[in-house]
Amino acid sequence: MEHFEVMDSVYWVGKIDWELRKFHGEEYTTMRGSTYNSYLVKDQKVALIDTVWEPFAKEYVKSLANTIDLNKIDFIIANHAEIDHSGALTELMKALPGKPIYCTRNGIKSIKGHYHKDWNFITVKTGDKLSLGNRELVFVEAPMLHWPDSMFCYLTKSNILFSNDAFGQHYASEFMYNDLVSQAELWSEAIKYYANILTPFSPLVKKKIDEVLAMKLPLSMICPSHGVMWRREPTQIVEKYLEWASNYKENQITIVYDTMWNATRRIAECIADGIMLHDPTVRLKVFNAAKADKTEIITEIFKSKTVVMGSSTINRGILNALAGILEQIRGLGFKDKNAASFSSYGWSGEANRIIEELLTKSGFTTIPEGPRVMWYPGDEDIEKCKEFGKMIAGLGR
Ligand code: FEO
């Protein structure tokens, strides 16, 4: 996409990545692509905020040179050292040797750790200001949103918050503003991003938002480093973040299983039937962990009040797709959710216990004695699974 003016001589100079389908290696699916937003702020002095992912580095620097004489850039702001934002620094600094890079103390460590270059770093802390002439950039450290080095910067008079990863979405769109895109797509990507990336840092999210609100900065736009910019009611995403950061859950139950010969699938279906018999208003999601999109599964777990997980027993353990999801939720640290396990087995039958232990260690409130069926469920097992589903559905929010 061509560079364009966002407002008041602030230009979007990033890259839309229509092709991206995986992020963080193979961990996170990005079915609507993503963007790497970089911004050029022209005043008496010129600041460049963040760059793009390394594969686009040459293209980025070339496009930037078409928009501005590179020598007219006075300051480079590195809000975050992760490769999707710092990846073009090496290419850029070849053209701008000696130009100052403003970042946090941890930013210097991360950037040096990745690129092994001794560029002209200038450390900034919360409250530090950089004058561009008529306007200033005010820096706000935001550790763990998303890495220890992360920071925001705020442009006075134009009242724009450049929030880097926070408030972003992996969402490629030709429209680039929150008021122009499909609201269903936008919010689906925004919650998916929060659930899969920011959940572990929820207490810090809340604290940081409270701190920024206390600064009483007028806000006309939030410009994140991924996805569309928030210009219509920009505080709506801030309010959502406060909600999501507070042990978020809806009236939803999610069942996740993996199965060898469909016995575990049958159990899952019977538990689902029981849930619907007890409470037809509950939103119910059922996934085979080996077939469904794992990023989507995590998002649905994030929305759930109760999670039920099951596996066939194999080699005294559980199937690997379910084990993968359990490892992900351990790291994400969901809070204040109920959980239960179920399994099928032929002889040893350890799966229930293993799943239950992992869920308990991950901080879920586990309900003991979920269905454990030898071979394939018969009529009596089916009734027990349905009863279990009814009981699960009755658990409060
Ligand atoms: Fe978009 Fe933490 O990088």
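## A tour from a charge over a ring to a strand hairpin

Begin by selecting Arg 372 and Tyr 345 in this predicted model: the charged end of Arg 372 sits over the ring of Tyr 345, at 4.4 Å from the ring centre.

Next, select helix α11, which spans residues 351–361, and colour its buried positions, namely Ala 351, Asn 352, Ile 354, Ile 355 and Leu 359. If you then display the surroundings of this helix, you will find that the cover over its buried residues includes β19 (306–314), β20 (317–318), α10 (320–332), β21 (338–345), β22 (365–367) and β23 (372–374). Before leaving the helix, step just past its end to Gly 363, where the backbone takes a positive phi of about 95 degrees.

Now turn to the aromatic residues, whose rings form 22 pairs in the structure. Select Phe 302 and Phe 334 to begin with: their ring centres are 6.4 Å apart and their planes stand at 45 degrees, so this pair is tilted. Phe 302 belongs to helix α9 (residues 294–303), while Phe 334 lies in the loop between α10 and β21, so the pair ties together parts that are 32 residues apart in sequence. Are these two residues, Phe 302 and Phe 334, buried or exposed? Both Phe 302 and Phe 334 are buried.

For another pair, select Trp 347 and Trp 375, whose ring centres lie 6.3 Å apart with the planes at 50 degrees, so that this pair, too, is tilted. Here Trp 347 sits in the loop between β21 and α11 and Trp 375 in the loop between β23 and α12 (379–393), so the contact of rings ties together parts that are 28 residues apart in sequence. Trp 347 and Trp 375 are both exposed.

To see how ring pairs join up, select Phe 167, Trp 187, Tyr 194, Trp 230, Tyr 241, Trp 244, Tyr 248, Phe 302, Phe 334 and Phe 364 together, since ring pairs link these residues into a cluster.

Finally, move to the strands β2 (residues 10–12) and β7 (residues 39–42), which run antiparallel and are joined by 3 bridges. Within this pairing, Tyr 11 stands opposite Leu 40 of β7, and the ring of Tyr 11 also has the charged end of Lys 42 over it, 4.8 Å from the ring centre. Extending the selection to β8 (residues 46–49) shows β7 pairing with that strand in the antiparallel sense over 4 bridges, with Ile 49 in β8 as the bridge partner of Tyr 39. The tour ends at the hairpin of 3 residues through which β7 is joined to β8.

Methods: Residues numbered from 1 in each chain as written. Predicted model: local features only at pLDDT ≥ 70, side-chain atom pairs only at ≥ 80, totals over all residues. Heavy atoms only, no water. Buried < 20%, exposed > 50% of the residue type's maximum accessible area, 1.4 Å probe, protein only. Helix = DSSP H or I, 4+ residues; strand = E, 2+ residues; numbered from the N terminus. Contact = heavy atoms within 4.5 Å. Pairing = 2+ DSSP bridges. Phe/Tyr/Trp six-rings, centres within 6.5 Å; stacked < 30°, edge-to-face > 60°. Lys NZ or Arg CZ within 6 Å of the ring centre and 35° of its normal.
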